[in-house]
Amino acid sequence: MRARMRRYWAEAVEPRLFLFAQLREVPAGLTAMIAVLNVVVGLLPVGFVVATSTVISRAPDAVSGGLGSPAWRELTYAFVVASVLFLLQQQLTPLSVSLGQRLKHQVDGRFQDRLMAASLRTAGITPLEDQASLSNLEQAAEGLEKGNRTPGDAAAGTLALVLRYSRLLGFLGVIGVAYAWWAAAAIGVVTMMFRYGQRGGVRMYTRLWPHRTRYRREAEYFRVLGMGAENAKEMRVFGLADWVGERYRSAALEALRPVWRERRRVSVVNFVWFTAASLVISFLVLASVLRAAAAGDLSLFALTLTLQALVAAVLLGEFYHEADTATQFGMLAARAMDTFERQVSDLADNERRTGRTGSPAPTDPGGLPTREIRFAGVSFTYPGASAPVFDGLDLTLRAGECTAIVGLNGAGKTTLVKLLSRLYDPPAGAVLVDGCDLRDLPIDGWRRQLAVIFQDFNRYELTAGENIAFGAVEAPATSDALRRAAKEAGVLEVLEGLPDGLDTLLTRRHADGEQLSGGQWQRLAIARSLYAVAAGARVLVLDEPTAALDVRAEAAFFDEFAALTRGITTLLISHRFATVRHADRIIVLSGGRIIEDGSHVELMAAAGTYAHLFDLQARRFAEDDAGAAVEVQP
Ligand code: ADP
């Protein structure tokens, strides 16, 4: 029993208290207005029942007294009052609903802002990758994306309960006054038991959520896979439609099965028991009322009133479609967002903790690095991963040099870039820029020093010019600067050939949008990073920058590369040995450790892994007439 009470408290009461606390952010005037209106609308049918009972009870005297008799006049007044109350209810109910909608949008707007702010708050991306925070984010965002079952719905739904419960109290009051208070109390219990049986079914979702999340996520993935334009090509070519459809079905069923099981339990056990008990109590109350009437202890007015109020009160024991689902899921979403905010806040606090070098940090990292970037004893494990990517890595990148990192898939090359750009902080060791811990540098300032193209760079569905200008949003995006960057990346001609030149939207979603090829997008990403360099970035990071370019295009790009990046500290990650051989220094990474370090000539002379992989590529690659290698990955 105690465990049951505790569960009820945790599932039903606590989230509601939390939600009320959230309502503080909404203009109190609107909340108060809806609450008062809902009390009024809630009580209108009570007045209506009193008026119609008067009509019925005065009818015998009015009929015998005829037109003009006092009973007839009373009947007429009561009829007019009943009509007015009825009309008022018809008018005010939609008003209450639309004010509720307004409240919903205000609450949701605030939640949306908070969610966006929390998602972007940390310098790193851990909250968006860590399962613990990610599932809260998903739960909080799901309703907001679809526009239903949101915290705003929960707030409006809670106020809609005011209407229902003031109506219930009104009818119970009528029963108490017209007949007996014990009968009012008994009918109150009956109604609430019906309610508990009905409403309790929705609470089970709270319990089942963790189980459902996994399968719902899986089902959602397969749904997007099957229906999304991005995957349409392979779905057809590989004939995956049936397989994807089956996986979607089984994941969706797996998410639903426990719901069915639990619903059967709730419906059959709770509902049947509560209904049976409620019917017995209702029957006893009804029998007592009729006996009193038969014994002449109850006037016709009191009898009509009691019977009407009794039926109306018991009918309020139903599922409140305007409130129950909305409050349950909306409250869950609100709680999830609160937890997500706290998780993000803890992570942000951690990020703010200063580095361990103790060296005075420049307030403006502009111009850094002048000497070096050093990974000093860096260890790092991805959230939720079992094995570390790095365990005490020591690596120094000399300023102004081009350092190439090579290594097989999974060696840790991209992770290095993420640490350098502070998307993660290493739990042990430090990344030092001219001896200063990255964590001690202002993050925005440091990121302005970086021009990074990730392997999976973003393809913004915006104009071509904006796609380039995002390399340095703070710089004034002059047409000359954008065109220069596009020219250096070898994409200017393509962009100028688009219907609106650099102002062309790069998306298929709009009728006047255009789509670029994979190689053209890659050049656009290169242009973005070169634009950042022109705007003052001192560190250029290129993660597989030319993977989508053909061999000639790649060779041409690297012919210009040295001139474009003179004086810039460059980190070049590539599988293609033809592209890295001209780097000042080549580092071979394997399993998170440096196994070789030197120039192309030195590493070839050392006849180690690099020389072996280089030879392997060189042997298997047909040299084309431009002297560049045709790619086969080592
Ligand atoms: P590379 O760029 O050399 O191919 P990465 O740096 O991308 O290698 O990955 C290094 C290791 O970290 C791999 O074992 C990879 O599976 C793992 N890894 C990469 N990204 C994540 C992530 N977001 N979460 C968990 N593990 C990851």
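Is Leu-88 buried, partly exposed or exposed? Select Leu-88 in this predicted model. Its relative accessible area is 37%, so Leu-88 is partly exposed. The residue belongs to helix H3, which covers residues 70–121. Now add Phe-79, Val-80 and Val-84 to the selection: with Leu-88 they make up a nonpolar surface patch. The accessible area of the four together is about 350 Å².

Next, select Arg-58, Asp-61 and Glu-74, which are joined in a network of salt bridges.

Move on to helix H5, residues 131–146. This helix of 16 residues spans 22 Å from its first C-alpha to its last, close to the 22 Å expected at 1.5 Å a residue. Colour the buried residues of H5: Ser-133, Leu-134, Asn-136, Leu-137, Gln-139, Ala-140, Ala-141, Gly-143 and Leu-144. Then step to Gly-147, just after H5, where phi is positive at about 85 degrees.

The next stops are salt bridges. Side chains of opposite charge can pair when their charged atoms come close. The count for this model is 19 salt bridges.

Select Glu-322 and Arg-164, whose side chains form a salt bridge with an N to O distance of 2.8 Å. This pair links distant parts of the chain, 158 residues apart. Glu-322 sits in the loop between helix H10 (300–315) and helix H11 (324–352), while Arg-164 is in helix H6 (residues 151–178). Which of these two is buried? Arg-164 is buried, at a relative accessible area of 10%. Glu-322 has 29% and is partly exposed.

Go to helix H9, residues 241–294, and pick Glu-254 and Arg-257. Their side chains meet in a salt bridge at 3.1 Å, N to O. The two are three residues apart in the helix, which means that about one helical turn separates them. Glu-254 is partly exposed, with a relative accessible area of 27%, and Arg-257 is partly exposed at 37%.

Now show Arg-483 and Glu-496, a salt bridge in which the closest N and O atoms are 2.6 Å apart. Arg-483 is in helix H15 (residues 479–488) and Glu-496 in helix H16 (residues 492–496), so the bridge ties together parts 13 residues apart in sequence. Arg-483 is partly exposed at 31% relative accessibility, and Glu-496 is partly exposed at 39%.

For a patch of charge, select Glu-466, Asp-500, Asp-503 and Asp-512, which gather on the surface as a negative patch. Glu-466 lies in helix H14, residues 464–469, and counts as partly exposed because its relative accessibility is 36%.

Two stops concern backbone angles. Most residues other than glycine have a negative phi. Asp-434, by contrast, has a positive phi near 50 degrees. Asp-434 is in the loop between strand E4 (428–433) and strand E5 (436–437), and counts as buried at 14% relative accessibility. Ala-607 also has a positive phi, near 55 degrees. Look for Ala-607 in the loop between helix H20 (600–606) and helix H21 (609–620). Ala-607 counts as exposed, at 59% relative accessibility.

Finish with Ala-534 in helix H17, residues 518–534. Ala-534 is exposed, with a relative accessible area of 63%. How far apart in space are Ala-534 and Phe-48, C-alpha to C-alpha? Select both: the distance is 76 Å, and the two residues are 486 apart in sequence.

Definitions and conventions:
Residues numbered from 1 in each chain as written. Predicted model: local features only at pLDDT ≥ 70, side-chain atom pairs only at ≥ 80, totals over all residues. Heavy atoms only, no water. Patch = residues over 30% accessible without salt bridge, like charges linked within 9 Å, V, L, I, M, F, W, Y side chains within 5 Å. Areas by Shrake-Rupley, 256 points an atom, 1.4 Å probe, with all protein chains shown as cover. Lys, Arg positive; Asp, Glu negative; His and termini not counted. Charge placed at Lys NZ, Arg CZ, Asp CG, Glu CD. Helix = DSSP H or I, 4+ residues; strand = E, 2+ residues; numbered from the N terminus. Buried < 20%, exposed > 50% of the residue type's maximum accessible area, 1.4 Å probe, protein only. Expected span 1.5 Å × (residues − 1).
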